Amino acid sequence: MPRFQPEPPFQHGTPPQTAVVLVNLGSPDSPTPEAVRRYLKEFLSDPRVVEIPTAVWWPILNGIILNTRPKHSAAKYATIWTPEGSPLKVHTERQAKLLQGLLGERGHRVTVTWAMRYGSPALPEVLDRLKADNHTRILLLPAYPQYSASTTATVLDQAGQWLAGLRNQPEVRSQRSFADDPGYIAALAASVREHWQAHGKPAANDKTYRLVMSFHGVPRRSLDLGDPYHCECHKTARLLARALDLPEHQALTTFQSRFGKAEWLQPYTAPTLAALPKEGVVRVDVLCPGFVADCLETLEEIAQEVKADFLNAGGQVFHYLPCLNERPDWIAALADLAEAQLAGWPTRTPRDDQGLAESVARARLLGAKA
């Protein structure tokens, strides 16, 4: 078999293009056991996601998990599915379209599209289409604010595998993380303030209130092995609490979505919230800063399951704050991140280039140094 895949037809004189690819985790194609099984098999077969020797993990995955979990998970997906499809896909597609528009308004001539690391549209297929259209410069924007080997690194792995099969490779850049990005933090803070305006801001001395910042969990072992995810989550939480002038006793950082029997990052979201009413906490506002688009883990796990746990334990008021989704301030922050990574690539329209040259010329006439 050939080592490299055939190059797409090329017509001389075709101008090179620049593309931005927003990459999120993925979702099954439908809320059915069959679709969930396909999705879970791809997801849980990634050695970055499950760091267990294949000889040990493979029988567990194929003999137990893929025979029991899909039906249960499909029922959960069905509770959040929309007429347009998976919420994660819907929001990611909308974000890409809005980013395309805003970058265009800022004078960038780029193609913005989106892909999923697991499921469809698959990242290699999206990259194939871009290459066929002569996109010689590609920026990958993994939609993970906090870096982890089990998220961001898997995107780079797959992109690297795609590149390894090409004879004529494009330039590729990527965003590592943006846990402390000012625009991202500001958008999160604005969403909380808007929620407080609608539902009341607790007094600084109110000990019956908590703002819970729930991040997706990873095995504790990953932290011990040097993964920076835990630290980056706490950095985001600390900066958000500071932006809100939130008293220390009202801010709480937790980790959700534990899977298996091994220890994961703590404190765990569900049991922590279930215990809060015993401590006199009657109201919680919960947001998930590690997700930039609502999905199963936010809409079902937090807004349904964890809410029930808190209220059944004696809590009185539970609010789930939506992810950033299509907020204009978040799209602006995303555009800022993209622009920083695009620097040096010829993405400006000729009119903008001419305008820039004219501005430089005028500045020099006024005595500015070259």
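**Buried polar residues, sheet and cores of the predicted model**

With a relative accessibility of 13%, N134 counts as buried, because the cut-off for burial is under 20%. In this predicted model, N134 is found in the loop that lies between α4 and β3. The side chain of N134 is directed to backbone oxygens of the N-terminal segment: a polar atom of this side chain lies 3.1 Å from the backbone oxygen of T14, and the backbone oxygen of P15 is reached at 3.2 Å. When neighbours within four places in sequence are set aside, the contacts of N134 are F10, T14, P15, P16 and Q17.

The elements on either side of this loop, α4 (123-132) and β3 (135-142), are among those against which the buried residues of helix α5 pack; β1 (17-27), β2 (111-119) and β4 (171-174) are the others. Helix α5 comprises 13 residues (residues 152-164), which at 1.5 Å a residue should span 18 Å; the C-alpha atoms at its ends are 19 Å apart, in agreement with that expectation. The buried residues of α5 are T152, A153, T154, V155, Q158, A159, W162 and L163. An α-helix has 3.6 residues a turn, so residues three or four places apart point the same way.

An open sheet is formed by 4 strands in the order β6-β5-β7-β8, with parallel pairing. The edges are occupied by β6 (251-256) and β8 (317-320); each has a single partner strand, so one side of each is left without a neighbour in the sheet. On average, neighbouring strands of this sheet are turned by 25 degrees against each other, direction ignored. Strand β5 (residues 209-216) and β6 run parallel and are joined by 6 bridges. In this pair, H216 stands opposite Q256 of β6.

Two helices lie across strands of the sheet. Helix α6 (residues 182-199) lies across β5, β7 (283-287) and β8, and runs at about 150 degrees to β7. Helix α10 (residues 296-312) lies across β5, β6, β7 and β8, with an angle of about 175 degrees to β8.

Within the edge strand β6 is T254, which counts as buried because its relative accessibility is 0%. Leaving aside neighbours within four places in sequence, T254 is in contact with V212, M213, S214 and F215, as well as with P267, Y268, T269 and T272. The side chains of T254 and T269 are joined by a polar contact of 2.8 Å. P267 is separated from T254 by 13 residues in sequence, yet the C-alpha atoms of the two are 5.1 Å apart in space.

In soluble globular proteins, nonpolar side chains tend to be buried together. The largest nonpolar core of the model has 66 residues, and those with the most contacts inside it are L273, V284, F318 and W330. Helix α11 (residues 328-342) supplies the largest share of this core, 8 residues. W330 touches Q95, F178, Y184, A187, V292, L324 and N325, residues up to four places away in sequence not being counted. Another core, of 33 residues, lies apart from the largest one and includes L61, L66, A74 and L163. L163 is also one of the buried residues of α5.

Terms used
Residues are numbered from 1 along each chain as its sequence is written. This is a predicted model: local features need pLDDT of at least 70, side-chain atom pairs count only at pLDDT 80 or more; totals for chains, interfaces and linings use all residues. Side-chain values use heavy atoms; hydrogens and water are left out. A nonpolar core is a set of buried Ala, Val, Leu, Ile, Met, Phe, Trp, Tyr and Cys residues joined through side-chain atoms within 4.5 Å. Buried means under 20% relative accessible area, exposed over 50%, partly exposed in between (1.4 Å probe, protein chains only). Contact means heavy atoms within 4.5 Å. The expected span of a helix is 1.5 Å times one less than its number of residues. Two strands pair if DSSP finds at least two bridges between them. Axes are lines fitted to C-alpha atoms, for helices over the stretch in contact, and angles run from 0 to 180 degrees between N-to-C directions. A polar contact is a pair of N or O atoms within 3.5 Å; within protein, one must be able to donate a hydrogen and the other to accept it, and residues adjacent in sequence count only if both atoms are side-chain atoms.
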